[in-house]
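Open your viewer, load the model and keep the selection tool handy. We will walk through it one stop at a time.

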Amino acid sequence: MIDDIRETKECQLKDPMDLFHSGQVVKICAPMVRYSKLAFRTLVRKYSCDLCYTPMIVAADFVRSAKARDSEFTTNKGDHPLIVQFAAKEAQVLCDAARIICPFADGIDLNCGCPQRWAISEGYGACLINKPELVKDMVRHVRSQIDNPKFSVSIKIRIHEDLKRTVDLCQKAEAAGVSWITVHGRSIEERHQPVHYDAIKIIKQSMSIPIVANGDIKSLKDAENVHHLTEADGVMVARGLLANPAMFAGYEETPFQCIQDWVDIALEHGTPFTCFHHHLMYMMERITSKQEKKVFNVLSSTSAVLDYLNDHYGL
């Protein structure tokens with residue numbers, strides 16, 4: 001897929017840091033396994049999303065296998081600014097992945113927040129918040145080996161129970177040249193507990209680089225509230241955008257035009273049926289009755305979904 005876009009891509013790259021210097025809160029689509037792929041990124045960009053991340057990609061696989069590169073990373077000339085998120089535990093492997101991606105994306109992000117057991121057992125994700133020297137080393141290596149000064153290097157973290165350790169991690173990353181830090185305001189153990197926005201604010205006040213707040217943001221009003229609570233420079237949203245890809249444009253519920261846009265984009269991109277259908281299930285969650293869900297959620301083909309949308313909504 002990379003070869004397909006080589007000619008059209010290289011002049012399209014942007015400097016993501018320009019967003020943080022705009023004076024506006026930067027609205028960001030989070031890295032989501034299976035979901036934040038090219039078609040969905042195309043959709044949220046139509047509705048005031050400023051910056052998009054790819055799903056997390058294991059850097060070692062990406063470097064080693066052309067097949068992994070083709071299946072994990074797809075983009076096009078309108079897909080900017082774009083951050084590619086990697087899971088990595090070795091500085092040189094992350095550098096090699098960054099070098100491959102550099103002509104086609106605007107930056108990379110190191111995942112230091114994924115709490116899934118498989119990631120932690122492999123030395124990826126949230127276990128890295130306990131290895132500040134390694135994080136510092138990885139950021140510094142990428143900074144020294146990528147020639148493009150506009151290419152961003154960011155990290156996404158969770159917080160420690162002892163916030164001093166988180167501040168120390170962030171300050172070490174800043175010293176190594178990290179562009180910005182996204183803070184999910186929960187510890188590794190916390191899943192559905194309230195987000196510690198006060199912790200994000202303390203981190204923000206301890207740093208001179210941009211900080212992005214992440215966790216439980218489900219509407220534009222939530223985003224504005226979190227910005228005021230934390231003083232963060234940006235807000236990153238995952239499930240809120242799945243439920244309503246138009247939320248950054250101020251819609252309280254997914255508008256029918258957004259559903260129509262998703263159908264058009266997904267068909268144009270050849271999105272696999274399961275992904276196409278799942279996105280619609282999320283988008284229509286709040287606007288369909290229980291009875292409608294029972295019918296819609298078990299549809300098993302694109303044509304059946306299109307017929308349903310046409311019959312019920314005139315789409």
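Keep in mind that this is a predicted model. Start by looking between domain 1 and domain 2, where four residue pairs are in polar contact across the interface, both residues of each pair being at pLDDT 80 or more. On the domain 1 side, the elements that give two or more residues to the surface touching domain 2 are α3 and α12 (239-243). Of these, α3 gives the most, with five residues.

**Stop 1: the two domains**

Now colour the domains separately: the domain assignment gives domain 1 as 16-249 and domain 2 as 256-313. Their C-alpha centres lie 29 Å apart. The contact draws on 15 residues from domain 1 and 13 residues from domain 2.

How much area do domain 1 and domain 2 bury between them? The figure is about 1300 Å², with 67% of it on carbon and sulfur atoms. To see where domain 1 contributes, show Tyr35, Ala39 and Leu43 as sticks: these lose the most area to domain 2, together 37% of what that side buries. If you search this interface for salt bridges, the count across it is zero.

**Stop 2: arginine 45 and aspartate 79**

The structure as a whole does hold salt bridges, 11 in number. Select arginine 45 and aspartate 79, whose side chains meet in one of them at 2.9 Å, N to O. Arginine 45 sits in helix α3 (residues 38-45) and aspartate 79 in the loop between α5 (66-72) and β4 (82-87), so this pair ties together parts that are 34 residues apart in sequence. Are these two residues, arginine 45 and aspartate 79, buried or exposed? Both are buried.

**Stop 3: arginine 186 and aspartate 216**

Next, select arginine 186 and aspartate 216, which form a salt bridge with their closest N and O atoms 2.9 Å apart. Arginine 186 is in the loop between β7 (181-184) and α10 (197-205), while aspartate 216 is in the loop between β8 (211-214) and α11 (220-230), so the bridge ties together parts that are 30 residues apart in sequence. Turn on the surface and compare the partners: arginine 186 counts as buried because its relative accessibility is 2%, whereas aspartate 216, at 31%, counts as partly exposed.

**Stop 4: glutamate 231 and lysine 201**

Move on to glutamate 231 and lysine 201, another salt bridge, with the closest N and O atoms 3.7 Å apart. Glutamate 231 lies in the loop between α11 and β9 (234-237) and lysine 201 in helix α10, so the pair ties together parts that are 30 residues apart in sequence. Glutamate 231 counts as partly exposed at 37% relative accessibility, and lysine 201 counts as partly exposed at 28%. Before leaving the salt bridges, add Arg41 to your earlier selection: salt bridges that share partners join Arg41, Arg45 and Asp79 into one network.

**Stop 5: cysteine 114**

Finish with Cys114, which an unreviewed UniProt entry annotates as "active site". Where does cysteine 114 lie? You will find cysteine 114 in the loop between β5 (107-112) and α7 (117-121). Its relative accessibility is 9%, so cysteine 114 counts as buried. Show its surroundings too: leaving aside neighbours within four places in sequence, cysteine 114 is in contact with Ala119, Ile120, Gly125 and Ala126.

Notes:
Residues numbered from 1 in each chain as written. Predicted model: local features only at pLDDT ≥ 70, side-chain atom pairs only at ≥ 80, totals over all residues. Heavy atoms only, no water. Salt bridge = Lys/Arg side-chain N within 4 Å of Asp/Glu carboxyl O. Helix = DSSP H or I, 4+ residues; strand = E, 2+ residues; numbered from the N terminus. Buried < 20%, exposed > 50% of the residue type's maximum accessible area, 1.4 Å probe, protein only. UniProt positions renumbered as here; feature names shortened; annotations may be inferred. Contact = heavy atoms within 4.5 Å. Domains from an automatic or database assignment. Buried area = accessible area lost by both parts, 1.4 Å probe. Polar contact = N/O pair within 3.5 Å; in protein donor to acceptor, adjacent residues only side chain to side chain.
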